[in-house]
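Got the viewer open? Keep the selection box handy, and we'll hop from stop to stop.

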Amino acid sequence: MAPGNQTELYLSEQVVVLFTCALSFLGSSLIILTHIIWSDLRTTPRRLLVFLSVTDWLSAVSYAFGVWSVFRTDSPECIAQGALSTFANTSSFFWTVSIAVYLYVFIVRSSQRVADSLVLFFHLFSWGIPLIITVTAVCLNKIGYDASEVSVGWCWVRIHAPDRVLWMLLTGKIWEFLAYLTLPVLYILIKRHIHKAHAALSEYRPILANRPPSQSFSSMADVKLTLIPIIFIILRIWSTVRFILLLADSPVRQNPVLVTLHGIGNTSQGAANCVMFVLFTQPIRSRLCTALCCCCAKCREEAPRSDGAPQRNKTRRDSSTQREEEENGSRAQAVR
């Protein structure tokens with residue numbers, strides 16, 4: 001590896017990455033807002049999704065700032081951006097695995113009590129470990145300008161750090177690799193259990209179809225959360241490919257298409273989660289549509305009122321003018 005190398009970042013790549021950052025920012029914000037507004041949807045899996053969305057929100061903001069700024073040195077802004085993105089990115093790995101573990105215990109082991117008791121440990125690991133790693137890296141002066149060698153404009157591990165590969169592993173890659181190994185296993189076990197349960201209960205489906213819609217929606221949301229690991233792997237694989245190419249000192253890591261895919265993947269998880277768990281979730285989609293319709297109806301009701309006020313003023317002015325003309329006419333007749 002040659003520390004002097006630098007991956008050129010084209011304007012088109014910046015525009016695409018900033019666009020995906022904006023989508024993830026909006027998507028993560030929408031997930032958080034729907035959780036705050038509608039209390040009846042605050043299931044434990046949804047809360048875990050909100051914590052994941054918080055990390056996606058922080059990632060989108062920090063990545064966008066880095067891509068917009070295009071840092072060239074280890075400036076204080078670069079270090080701050082790199083520290084925030086490192087914490088958010090690493091925390092995202094932990095929360096993604098935590099969601100898979102929760103669903104495995106809840107669905108496969110059929111123990112909601114045990115699954116709920118794990119939430120506290122999820123917080124300790126998913127916030128605590130990334131925070132310790134990030135603070136240590138900053139204190140040891142490991143975070144800074146990395147010449148977009150394994151990033152797309154944002155700062156990460158300093159390119160001139162002699163042990164930068166070690167710190168790349170500690171600040172993200174090793175947790176990413178562990179997630180690649182853990183998530184498919186848990187996902188396959190969950191899907192196998194769901195398929196077996198559906199097969200065993202197939203003769204009772206007419207009875208189950210009469211369940212209240214809220215219960216069906218809740219179970220549907222819990223099952224749909226199992227798709228998070230798949231989204232995670234599809235989006236993160238491009239970053240992993242560039243890291244492996246860096247270890248091999250291959251110039252292919254600087255390929256514009258690969259760099260663009262890396263930028264899209266690292267910044268799109270918030271948007272992807274929003275599409276699946278907000279826009280493609282029928283109860284939330286219906287409520288959003290209802291809220292939008294109400295807002296549009298109010299706007300249409302207020303528009304005629306605002307238009308009617310000038311009309312009434314105009315009518316009053318015309319009446320006043322007519323009365324003045326009549327009075328002037330009568331005065332003229334009196335003078336005559």
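Which residue follows H2, and is its phi positive or negative? Select valine 70: this residue comes right after H2, and its phi is positive, near 50°. Before going on, note that this is a predicted model, where local features need pLDDT of at least 70, side-chain atom pairs count only at pLDDT 80 or more, and totals for chains, interfaces and linings use all residues. Residues are numbered from 1 along each chain as its sequence is written, and side-chain values use heavy atoms, with hydrogens and water left out.

**Stop 1: helix H2**

Now select 44-69, which is helix H2. Helices here are DSSP runs of H or I with at least four residues, strands are runs of E with at least two, and both are numbered from the N terminus. H2 has 26 residues and reaches 38 Å from its first C-alpha to its last, close to the 38 Å expected at 1.5 Å a residue; that expected span is 1.5 Å times one less than the number of residues.

**Stop 2: an aromatic pair**

Stay on H2 and pick phenylalanine 51, then add tryptophan 95 from helix H3. The whole structure has 9 aromatic pairs (rings of Phe, Tyr and Trp, the last by its six-membered ring, with centres within 6.5 Å; planes under 30 degrees apart are stacked, over 60 edge-to-face, the rest tilted). In this pair the ring centres are 5.1 Å apart and the planes sit at 35°, so it counts as tilted. Because one partner is in H2 and the other in H3, the pair ties together parts that are 44 residues apart in sequence.

Colour by accessibility and the partners part ways: phenylalanine 51 is partly exposed at 22% relative accessible area, while tryptophan 95 is buried at 0% (buried is under 20%, exposed over 50%, partly exposed in between, with a 1.4 Å probe and protein chains only). Add Phe87 and Trp127 to the selection to see the cluster that ring pairs make with Phe51 and Trp95.

**Stop 3: the core**

Next, go for Tyr102 and Ile190, the residues with the most contacts inside the largest nonpolar core, which has 35 residues. Such a core is a set of buried Ala, Val, Leu, Ile, Met, Phe, Trp, Tyr and Cys residues joined through side-chain atoms within 4.5 Å. H3 gives the largest share, 10 residues.

Jump to phenylalanine 277 in helix H11. This residue is buried, with a relative accessible area of 1%. Its C-alpha is 9.0 Å from that of leucine 49, although the two are 228 residues apart along the chain.

**Stop 4: salt bridges**

How many salt bridges does the structure hold? There are 6, each a side-chain nitrogen of Lys or Arg within 4 Å of a carboxyl oxygen of Asp or Glu. Select aspartate 40 and arginine 287, whose side chains meet at 2.4 Å, N to O. Aspartate 40 is in the loop between helix H1 (11-37) and H2 and arginine 287 is in helix H12, so the pair ties together parts that are 247 residues apart in sequence.

Then select Glu149, Asp249 and Arg253, which are linked in a network of salt bridges. Arginine 253 has its closest N and O atoms 2.6 Å apart with glutamate 149 and 3.8 Å apart with aspartate 249. Arginine 253 and glutamate 149 are both buried, whereas aspartate 249 is partly exposed at 36% relative accessibility.
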